[in-house]
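Let's take a walk through this one together, starting at the ligand and then moving out to a few residues in the loops. Have the model open and follow along.

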Amino acid sequence: MKLNIYKDKQEVAEQFSEFLAERIKQSTGKLNVSLSGGSTPKVVFDYLAEKFSYLDWSKVNFFWGDERCVPPEDEQSNYKMTVDHLFSKIDIPQENIYRIKGENNPDEEADAYGETLNKVLPLANDIPEFDLIILGMGDDGHTASVFQSNIHLWDSSNNCEVAVHPESGQKRVTITGKIINQAKEVAFLVTGADKKEKVDTILKGDEVSKSYPAGLVSPSSGELYWFLDESAVDKSYH
Ligand code: 6PG
């Protein structure tokens, strides 16, 4: 595990963008990347669009780790957020974008997207293998859309499952632990003081940390990176 701690959200976004840009430049084939949703990636996408629009984005296949079960034009759609902050500002072929169709029946879409991963990604141990999975973490310790209230989904034998947000009741399609822990690289992007308590707990790696979905992220052979700002982690790690 590699900890990267920066002064604020903007510096996290800039440093992670450099991390991603380097991988795109070095890639000799397609780079299969799974995006996270929520608010943190917006700053990353804005910076990528501003500083790295020149990259050959056709080398990247984009997927999502989770999507809200809403239409793609809905303000809550992770896809729409990505279009607004990145795809609308770079030259990315439509065929490189593998959208979770939030407008479809959730159970059917979870199956369909799981099948897409089987078809498009290389398989390692019969599991679709991403080059990079970007994850956020909620202040409740959820990641992707696996919440404590449905933590059993983490161990599903399926590539994707339907989760229900514990407060809003909103349905979401999410990738599962088998996909996340198969990735070559996983990068957590977590900022803000509201995340500190869970980040400190999860970095301890003890039994308590395993009661949170984010604490179950442990790539079987890949590398785990944390991109944090100082407010999101105890000073002892600085
Ligand atoms: C989503 C995300 C979710 C997110 C965390 C952190 O669809 O909401 O995938 O897992 O990463 O909730 O969200 P923030 O970055 O907004 O704190």
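A good place to start is His142: one of its polar side-chain atoms lies 2.8 Å from an oxygen atom of the ligand, which fits the cut-off for a polar contact (a pair of N or O atoms within 3.5 Å; within protein, one must be able to donate a hydrogen and the other to accept it, and residues adjacent in sequence count only if both atoms are side-chain atoms). Taken alone, the ligand exposes 410 Å², and the protein buries 88% of that; such accessible areas come from the Shrake-Rupley method with a 1.4 Å probe, and for residues only the protein chains shown count as cover.

Before going further, keep in mind that this is a predicted model: local features need pLDDT of at least 70 and side-chain atom pairs count only at pLDDT 80 or more, while totals for chains, interfaces and linings use all residues. Residues are numbered from 1 along each chain as its sequence is written, and side-chain values use heavy atoms, with hydrogens and water left out.

Back to the ligand. Backbone atoms take part too: a backbone N or O atom of Ala144 lies 2.6 Å from a ligand oxygen, and for Gly37 a backbone N or O atom is 3.2 Å from an oxygen atom of the ligand. There are 14 residues around the ligand, and the ones that come nearest are Ser39, Thr40, Asp66, Ala144 and Lys195; a residue counts as near if one of its heavy atoms lies within 4 Å. Sorted by class, that shell has two nonpolar, eight polar and four charged residues. Here Ala, Val, Leu, Ile, Met, Phe, Trp, Tyr, Cys and Pro count as nonpolar, Asp, Glu, Lys and Arg as charged, and the others, Gly among them, as polar.

Ala144 deserves a second look. This residue lies in the loop between S7 and strand S8 (160–164), where strands (E, at least two residues) and helices (H or I, at least four) are DSSP runs numbered from the N terminus. Ala144 is buried, with a relative accessible area of 10%; buried means under 20%, exposed over 50%, and partly exposed in between (1.4 Å probe, protein chains only). Its phi is near 50°, a positive value in a residue other than glycine. Most residues other than glycine have a negative phi.

Asn125 also has a positive phi, about 55°, although it is not a glycine. You'll find Asn125 in the loop between strand S5 (123–124) and S6. Is Asn125 buried or exposed? At 65% relative accessibility, Asn125 counts as exposed.

Next, go to Asp131, in the loop between strand S6 (127–128) and strand S7 (132–135). Asp131 counts as buried because its relative accessibility is 15%. The Asp131 side chain reaches the backbone nitrogen of Asn32 at 2.8 Å, and it makes a polar contact with the side chain of Lys184 at 3.4 Å.

Finally, try the loop between helix H3 (78–85) and helix H4 (106–120), where Phe87 sits. Phe87 is buried, at 8% relative accessible area. Asn96 is found in the loop between H3 and H4 as well, and Asn96 is buried with a value of 4%. A polar atom of the Asn96 side chain lies 2.9 Å from the backbone oxygen of Ser58.
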